[in-house]
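Here are some exercises with worked solutions to try with the structure on your screen. Take them in order, and have a go at each one before reading on.

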Amino acid sequence: LCSVAKGWNESAKVGQGGKLVGIKRVLGLVASPTEQDYQSAVMTYEYRSEGIFIDQHRTTSLSIHSDGTVTIDDAPHGLPARRLLYKMSQQQVRELVDAFYRIEYFSLDEAYETKRVGLSVSHVSDIDTVITSISTHSREKRVRIYWGAPHELSDLEKLIACTVLEPGLRD
């Protein structure tokens, strides 16, 4: 998972992480973060597991601040919640901010809850939900992903998990 996410991050830097975004990046049509965006960014990620059985429910949320402070709250069902704090490098923060901009996060839908299959629309229940957000000095956006999100958004989730969750929950 993490090697895939890091590979996506590297390929996206040179404009190969999605043909349309890559073309827009080459043409200069994709907005880039400003120094103020890097200095004021707050990114969040929340994962809610809503398995069929109550003991499978879990919520993990995190916030990443521009100074590198990371807060992770992990609450498995039936167990005490735990809070972890740690610091990540400024370079990692900048790479995550860049990733949000690279996929044109601010132009995405507010929620992805259904999936088109042919001409019909499928609705599902009892699957995991992910909520991501980013706020900077001038912009703010929150996206709820239940089902049917663009693959670039899934790749962003993997990148966040590998950059933040894996090291934080391992310590």
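**A helix across the sheet**

Helix H4 (residues 90-102) crosses strand E1 (42-49), strand E2 (58-65) and strand E8 (129-135), and runs at about 75° to E1. Here helices (H or I, at least four residues) and strands (E, at least two) are DSSP runs, numbered from the N terminus. Axes are lines fitted to C-alpha atoms, for helices over the stretch in contact, with angles from 0 to 180 degrees between N-to-C directions. This is a predicted model, in which local features need pLDDT of at least 70 and side-chain atom pairs count only at pLDDT 80 or more, while totals for chains, interfaces and linings use all residues. Residues are numbered from 1 along each chain as its sequence is written, and side-chain values use heavy atoms, with hydrogens and water left out.

**Exercise 1.** Work out which strands stand at the edges of the open sheet.

*Solution.*
- Step 1: write down the order of the seven strands, E4-E3-E2-E1-E8-E9-E5, with mixed pairing. Two strands pair if DSSP finds at least two bridges between them.
- Step 2: look for strands with a single partner. These are E4 (82-87) and E5 (111-112), so each has one side without a neighbour in the sheet.

**Exercise 2.** Follow the strands from E1 to E4 and find how they pair.

*Solution.*
- Step 1: E1 and E2 run antiparallel, joined by eight bridges. Methionine 43 is opposite isoleucine 64 of E2.
- Step 2: E2 and E3 also run antiparallel, with seven bridges. Threonine 59 has alanine 75 of E3 as its bridge partner. Three residues lie between the strands of this hairpin, where glycine 68 has a positive phi near 95°.
- Step 3: E3 (residues 69-76) pairs with E4 in the antiparallel sense over six bridges. There, isoleucine 72 has leucine 84 of E4 as its bridge partner.

**Exercise 3.** Check the length of H4 against its expected span.

*Solution.*
- Step 1: the expected span of a helix is 1.5 Å times one less than its number of residues.
- Step 2: for the 13 residues of H4 this gives 18 Å, and the end C-alpha atoms are 18 Å apart, so the two agree.
- Step 3: look just past the helix, where glutamate 104 has a positive phi of about 55°.

**Exercise 4.** Find which element gives the most residues to the largest nonpolar core.

*Solution.*
- Step 1: the core is a set of buried Ala, Val, Leu, Ile, Met, Phe, Trp, Tyr and Cys residues joined through side-chain atoms within 4.5 Å. Buried means under 20% relative accessible area, exposed over 50%, partly exposed in between (1.4 Å probe, protein chains only).
- Step 2: the largest such core has 31 residues, and Ile64, Tyr105, Leu153 and Val164 have the most contacts inside it.
- Step 3: H4 gives the most, with six residues.

**Exercise 5.** Decide how the rings of phenylalanine 100 and tyrosine 105 are arranged.

*Solution.*
- Step 1: rings of Phe, Tyr and Trp (its six-membered ring) pair if their centres lie within 6.5 Å; planes under 30 degrees apart count as stacked, over 60 as edge-to-face and the rest as tilted.
- Step 2: the centres of these two rings are 4.8 Å apart and the planes stand at 75°, so the pair of phenylalanine 100 and tyrosine 105 is edge-to-face.
- Step 3: tyrosine 105 also makes an edge-to-face pair with phenylalanine 106, at 6.4 Å centre to centre and 85° between the planes.
- Step 4: put the rings together: Phe100, Tyr101, Tyr105 and Phe106 form one aromatic cluster.

Definitions and conventions: Contact means heavy atoms within 4.5 Å.
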